[in-house]
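Trainee: I'm new to this one. Could you walk me through it, one small question at a time?

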Amino acid sequence: MIDEVTPGREPLAEEPLPAREVRGGARRPRRVRRVRRMRRARPTVRSGSLAVVLAAALLTGLALAFQGFARWAGEHPGWAVLLGLVAVPVLYALLRGMPHARELRRAARAGMAEAEADALAATRTAPPVPVDEPAGPPTHAQEPPPAADTFPPGPEEPTLAAPFHDGRTAPLPEPEAPEPYAPEPEPEAAVLTAAELDGVDLATLDFAALDPDTFEEAVAALCRRDGCADAETVGGAGDLGADVLATAPDGRRVVIQCKRYGPENKVGSQDLQRFGGTCWSVHGAQLAVLVTTSEFTAPAEEYAESSGIRCVDGADLAAWAEGTGPAPWGPGATVR
């Protein structure tokens with residue numbers, strides 16, 4: 001065992017070494033331990049050689065990189081200075097952070113180990129779960145109460161006749177049923193004939209309080225008052241968009257459509273488009289007017305302006321009736 005050596009190598013010189021006493025009185029030479037120690041050191045030598053080769057390659061690569069960087073820095077000194085100003089703080093932060101990262105990893109491992117130890121200790125010290133034992137025979141305390149028929153008869157309790165008043169409490173009144181909801185009736189629209197409207201002061205007339213037919217008659221009465229002697233209503237199922245026909249003082253044929261709407265309902269562009277499709281081609285209008293007690297939407301006003309229809313809203317109608325505003329065919333009337 002001592003004389004065995006690796007092939008291709010010279011055998012180690014045998015030197016007289018003092019023997020070492022072992023338990024039991026036997027002696028073992030130390031040369032055997034030295035040979036075994038050298039055999040175990042061979043992988044360390046190989047790994048050391050590999051580390052030296054890798055270190056030399058790394059240093060060579062760093063030298064080549066530094067040489068290339070120096071050449072580039074000589075050609076671009078401004079960018080090199082800027083890169084150095086950025087790289088120095090980054091390297092400093094990395095070097096400063098490496099010990100802290102190692103400490104954090106150590107602390108994390110220690111915390112995980114402590115948590116595992118606590119969990120293991122908790123499982124070992126947890127009390128056993130009690131097991132439900134089968135219920136034994138019922139005892140006297142668990143016996144069900146006797147039935148009502150088994151009790152001896154006693155004195156009868158007095159019954160209270162309703163209603164009962166003991167002088168301290170008063171009986172609650174029965175709740176009254178709520179009255180059904182009934183919406184407030186809308187005020188009835190005024191109905192006037194054409195003859196009655198001719199005798200009414202149109203300046204004080206509330207056009208929004210009229211029914212649709214009376215509203216058309218009121219617009220025709222306004223036209224007759226301001227010079228259209230032949231103004232008449234033609235509204236109905238087949239009017240094709242014309243409610244009032246008249247001849248203006250300058251001889252133009254006037255076609256008027258009336259829309260009695262509430263303040264929350266505005267005249268839209270569709271109403272104008274339907275009226276514009278018949279007033280010119282069907283009724284031969286030379287002046288088309290749409291009168292409403294409400295207002296017009298912005299698209300409706302744009303369509304009216306592009307098609308030449310004059311729009312009279314609630315404010316313009318009141319001014320026309322009071323005489324403070326022009327008639328649709330009079331001076332000052334504009335197309336909107």
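Trainee: Which residue in β6 is the bridge partner of Lys 259?

Mentor: Keep in mind that we're looking at a predicted model. β5 and β6 run parallel and are joined by six bridges. Follow the bridge from Lys 259 across to β6, and the partner you land on is Thr 292.

Trainee: And on the β4 side, which residue of β5 does Thr 247 stand opposite?

Mentor: Here the strands run antiparallel, with four bridges joining β4 (residues 244–247) to β5. The two form a hairpin with five residues between them, and Gly 251 in that turn has a positive phi of about 95°. Across from Thr 247, in β5, stands Arg 253.

Trainee: Is β5 mostly covered or mostly open, and how many of its residues are buried?

Mentor: Buried means under 20% relative accessible area. β5 is mostly covered by that rule, and the count of buried residues is six of its seven.

Trainee: What handedness does the unit of β5, α5 and β6 have?

Mentor: Start with the strands: β5 and β6 run parallel. Together with α5 they make a β-α-β unit, and its handedness is right-handed.

Trainee: Which elements do the buried residues of α5 pack against?

Mentor: Let's begin with who is buried in α5, residues 269–279: Asp 271, Leu 272, Phe 275, Gly 276, Thr 278 and Cys 279. Those buried residues pack against β5 (253–259), β6 (287–292), α6 (298–307) and β7 (310–312).

Trainee: Asp 271 is in that list, so which residue does its side chain meet in a salt bridge?

Mentor: Asp 271 is buried, at 10% relative accessible area, while its partner counts as exposed at 51%. Both sit in helix α5, and because they are three residues apart, about one helical turn separates them. In general, residues three or four places apart in an α-helix point the same way. The salt bridge, at 2.6 Å from N to O, is with Arg 274.

Trainee: How many residues apart are Lys 266 and Glu 295, and where do they sit?

Mentor: These two form a salt bridge, with the closest N and O atoms 3.7 Å apart. The pair links distant parts of the chain: Lys 266 is in the loop between β5 and α5, Glu 295 is in the loop between β6 and α6, and the separation is 29 residues.

Trainee: How far apart in space are Pro 263 and Glu 295, C-alpha to C-alpha?

Mentor: Pro 263 is in the loop between β5 and α5, and it is exposed, with a relative accessible area of 75%. Along the sequence, Pro 263 and Glu 295 are 32 residues apart, but in space their C-alpha distance is 7.4 Å.

Trainee: Which residue does Arg 252 form a salt bridge with?

Mentor: Arg 252 counts as partly exposed, at 24% relative accessibility. Its partner is partly exposed too, at 49%. The closest N and O atoms are 2.9 Å apart, and that partner is Asp 250.

Trainee: Last one: which helix gives the most to the nonpolar patch?

Mentor: The patch covers about 890 Å², and its residues include Phe 69, Trp 72 and Trp 79. Phe 69 is in α1 and is partly exposed, with a relative accessible area of 35%. Both α1 (30–75) and α2 (77–125) supply at least two residues. With seven residues, the top contributor is α2.

Terms used. Residues numbered from 1 in each chain as written. Predicted model: local features only at pLDDT ≥ 70, side-chain atom pairs only at ≥ 80, totals over all residues. Heavy atoms only, no water. Buried < 20%, exposed > 50% of the residue type's maximum accessible area, 1.4 Å probe, protein only. Contact = heavy atoms within 4.5 Å. Pairing = 2+ DSSP bridges. Right-handed = clockwise from strand over helix to strand, strands pointing away. Patch = residues over 30% accessible without salt bridge, like charges linked within 9 Å, V, L, I, M, F, W, Y side chains within 5 Å. Areas by Shrake-Rupley, 256 points an atom, 1.4 Å probe, with all protein chains shown as cover. Salt bridge = Lys/Arg side-chain N within 4 Å of Asp/Glu carboxyl O.
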